[in-house]
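Subject: Structure for you to look at

Hello,

Here is the structure I said I would pass on. Please open it first and then read the notes below it.

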Amino acid sequence: MAHRLIFLGTSAGVPTRTRNVSALALQLENTKEWMLFDCGEGTQHRIMRTSLSVYHLSRIFITHLHGDHLYGLFGLLASRGMTRAGSPLEIYGPAGIRETLETLMRLSQLHLPFDLKIFEISEGTLLRYEGFRIDTVALSHSILSYGFVLTFDEKPGHFDIKKAKKLGIPEGPLYARLKKGERVTLLDGRSIDGKDLVGPSIPGKKIAIGGDNDDPLLFAPYAPFDLMIHEATYTRKDFDNLPRKFKHTTAQQLAQAARKMGVNRLILTHISPRYDKNGRISELLDEATKEFDGEVEIAYDFMELSI
Ligand SMILES: [Zn+2]
Ligand SMILES: [Zn+2]
């Protein structure tokens, strides 16, 4: 089993016929529990078209308070409140997320039948959960915006059962101790070191998830990454021709940064609606592949990947 990522919205600013605004689901290995990164308007409709259940949604991370990353949160909360979902929910976001939610809940008399905890994050906030940690990275955008680096714990190495059986070690509690690398003494007096039966530990994967940002190298202190998911709103050419510049990243810039940071697999998302027409999406991919040798893809709604 692996962790499962599902893109629920991959468009920048406004939805298109094929892309909704930003949202990304991460379902943890061997569990129904999942987390949501950003929640653009209409995200709950996207969730309904997947196997994810709002009941098992445990945490929501909002990168920044722009509408295309936030406005789906209110509907999602209200709907979750109308189901019998009693499990608690945690929401993390920049300063202002608490005021936004509390104001809305007060004015619209939204009473949620589950425990809602709101946390305001800042640069370097470290969140520690069972099996992984999340570091927050301050990004560069027109308003306060954050990215997240998920680092999964390393896993113990593979226990060589065949070898244990060959050595005549009886199955049962001794195996558990040997798996932990402990030394045990058998009834016949032999002493067995668990370390001889356990392979090298398996390093945990590291994933970078960006909010809106015009400088992907801000993730560099946490590099390298097994997977990086980051906005690439424009091609370089289109960006240079914009009459007014917005604080976003180009495909070229992201690919160059990914190469410098040792990214293994790169996913471009938060795509300007202009590329959905006339097969223009390949322009983004062409630009990125010129600068980056690793695996690179343009995200699309309902795209799934496992890590
Ligand atoms: Zn955006
Ligand atoms: Zn934004």
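A search of the whole structure, which is a predicted model, finds one cavity of 30 Å³ or more. A cavity here is a set of points on a 1 Å grid over the protein atoms alone where a 1.4 Å probe fits but cannot get out. Its volume is about 170 Å³, counted as the space filled by probe spheres set on the points, with grid points joined across faces, edges and corners. Of the 17 lining residues (those with an atom within 4 Å of a point), Ser-22, Leu-24, Asp-38, Gly-210 and Thr-269 are the closest to the centre. Strands 1 (4–9), 2 (23–27), 3 (34–39) and 13 (225–231) each supply at least two residues of the lining. Strands (E, at least two residues) and helices (H or I, at least four) are DSSP runs numbered from the N terminus.

There are also two zinc sites to look at. The zinc ion (ligand 2) has as protein donors His-64 (NE2), His-66 (ND1), His-141 (NE2) and Asp-212 (OD), at 2.2 to 2.4 Å. Donors are N, O and S atoms within 2.8 Å of the metal (3.2 Å for Na, K and Ca), and water is not among the atoms, so sites may look incomplete. Angles among these four donor atoms run from 89 to 169°, and the site is irregular. That word covers anything that is not tetrahedral (four donors, all angles between 85 and 135 degrees), square planar (four) or octahedral (six), the last two needing opposite donors over 155 degrees apart and all others between 65 and 115. His-64 lies in the loop between strand 4 (57–61) and helix 2 (67–70), and Asp-212 in the loop between strand 12 (206–209) and strand 13, so the pair ties together parts 148 residues apart in sequence.

The zinc ion (ligand 1) is coordinated by Asp-68 (OD), His-69 (NE2), Asp-212 (OD) and His-270 (NE2), at 2.1 to 2.3 Å. This site is irregular as well, with angles of 92 to 167°. Asp-212 bridges the two zinc ions, which lie 3.5 Å apart. Both Asp-212 and His-270 are buried, meaning under 20% relative accessible area (1.4 Å probe, protein chains only).

On conventions, residues are numbered from 1 along each chain as its sequence is written, while chains are lettered from A and ligands numbered from 1 in the order in which they are written. Local features need pLDDT of at least 70 and side-chain atom pairs 80 or more, totals for chains, interfaces and linings use all residues, and side-chain values use heavy atoms, leaving out hydrogens and water.

Regards

Terms used. On a 1 Å grid over the protein atoms alone, a cavity is a set of points where a 1.4 Å probe fits but cannot get out, and a pocket is an open set with protein on both sides within 12 Å along at least five of seven lines; lining residues have an atom within 4 Å of a point. Buried means under 20% relative accessible area, exposed over 50%, partly exposed in between (1.4 Å probe, protein chains only).
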